[in-house]
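Here is a short report on one protein model. Look at the strands first, then at the helix.

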Amino acid sequence: MRAEWLLFESPFAKDEPGSVGIGYALRFGQSPYVGVGNIGNVNSDYSYDLVPLYLYEGDYLFARGTEAGIHLFQPSRFNLDFLFRYRFDRLQADSSEFLEGMEERYQTVDTGLGLSFKDDWGELKLTAVTDLLGRHKGQEVDLTYRYAFARGRWSITPALGLVYQSRNLTDYYYGVTAQEARADRPAYTPDSALFWRAGLNSSYQFLDNWNLFANFSYDVLDDTVKDSPLTERSNLFSAYLGASYALGNARDVATRTEDTKLWSWRVNVGYTVQDTFSQVLLGNFKQHREVDTYLAGITLGRLLKDGKRGDIWGRFSVNRRFENDFQKDFTEYAAYVMTMGSGYAPWTNRELFRFGFGIGI
């Protein structure tokens, strides 16, 4: 019943159209499952998740770390967005002895519509999403109210919301099938859930381009979830602590240019090399002697900011990994921001090469 991301809002979301940024957040939280104390990955020694934030606010596109989408309609106070949203819910059978024998329940991506209305009294937002990857195969509807208090570099936004989750969604994360049932873990099929949650977002603008933020949420679980033999809590607490950095002159509206409409595309073909990443940068591209794997795909990019010393691009890449029986072939998706610079011939303005560094998801 992880709903904290419904309340989480990066302070970057309040920036002007054309703003670009990157950041990271530490995600802390309680797990609802028996014998599992926190939301950390069972394969990690840490009790938290590290969440990269890929941040962009455009006239038509937006990306806010765990949420991205398209602005379909946005006059001054009314907004309609088509969005994609990452769902952090998961059940890892190895995370406690009680869960041994359970099938894994995976994280997924939800997609749907977000309708919001802003006025002096605050913001009211209605969001309806469904499972894009076909894992829980359910739907979720949430209604959230926020009101922001801003003073100087500080901003504090309390929020209150009501969330509905369909039976398929709750059954995926909290149901117990007949094959998974045992004496202390009877079969269970939950109903749809309706619950409320409260949250508080706070941010501080540190210097011109830095934002520090701390966001907290508190969820009260529905009875159908609390009655599951898999759960041992009636409420959940979670928090995001992090920072974001606005690239370029993100807040200097007067110096922005209108030349950020350039799109690019490229075809990617690659193979596994023998040497380390640092050696590849020096031009050592020798193919690996034992790991005979390849990839092929395409990358789409858009120029977000044309700077004096470098360009900032937003890019999305889809690649197919051909694993040659080392494991099953799979598809990877990458969204990232990249800063591109140029190398010139000595004492001339002739460009010899371009080099960039990217960060994303």
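## Strand 10 and its partners

How many bridges pair strand 10 with strand 11, and in which sense? Strand 10 and strand 11 (residues 193–206) pair over 12 bridges, in the antiparallel sense. W154 of strand 10 has Y204 as its bridge partner in strand 11. Strands and helices here are DSSP runs, numbered from the N terminus: strands are E runs of at least two residues, helices are H or I runs of at least four. Two strands pair if DSSP finds at least two bridges between them.

This is a predicted model: local features need pLDDT of at least 70, side-chain atom pairs count only at pLDDT 80 or more, and totals for chains, interfaces and linings use all residues. Residues are numbered from 1 along each chain as its sequence is written, and side-chain values use heavy atoms, with hydrogens and water left out.

Strand 10 also pairs with strand 8 (residues 139–146), antiparallel, over 7 bridges. There, Y145 has L160 in strand 10 as its bridge partner. Strand 9 (residues 149–151) runs antiparallel to strand 10 and is joined to it by 3 bridges. R151 stands opposite W154. Strands 9 and 10 form a hairpin with 2 residues between them. In its turn, G152 has a positive phi of about 60°.

## Two faces of strand 10

In a regular strand the side chains alternate between the two faces of the sheet. Strand 10 (residues 154–165) shows alternation. S155, T157, A159, G161, V163 and Q165 point to one face and are buried. Buried means under 20% relative accessible area, with exposed over 50% and partly exposed in between (1.4 Å probe, protein chains only). W154, I156, P158, L160, L162 and Y164 point to the other face and are not buried.

## Helix 2

Which residues of helix 2 are buried? In helix 2 (residues 167–174), they are L169, T170, Y172, Y173 and Y174. Seen down the helix axis, these buried residues fall within an arc of 165° (taken from the directions from the axis to the C-beta atoms), so they line one face of helix 2. Their cover includes strand 8, strand 10, strand 11 and helix 3 (223–226).

## An open sheet

An open sheet has 5 strands, in the order 14-15-16-17-18, with antiparallel pairing. Strand 14 (263–271) and strand 18 (351–360) stand at the edges. Each has a single partner strand, so one side of each is left without a neighbour in the sheet.

Strand 14 is joined to strand 15 (residues 294–306) by 9 bridges, and the two run antiparallel. S264 stands opposite G301 in strand 15.

Technical notes:
Contact means heavy atoms within 4.5 Å.
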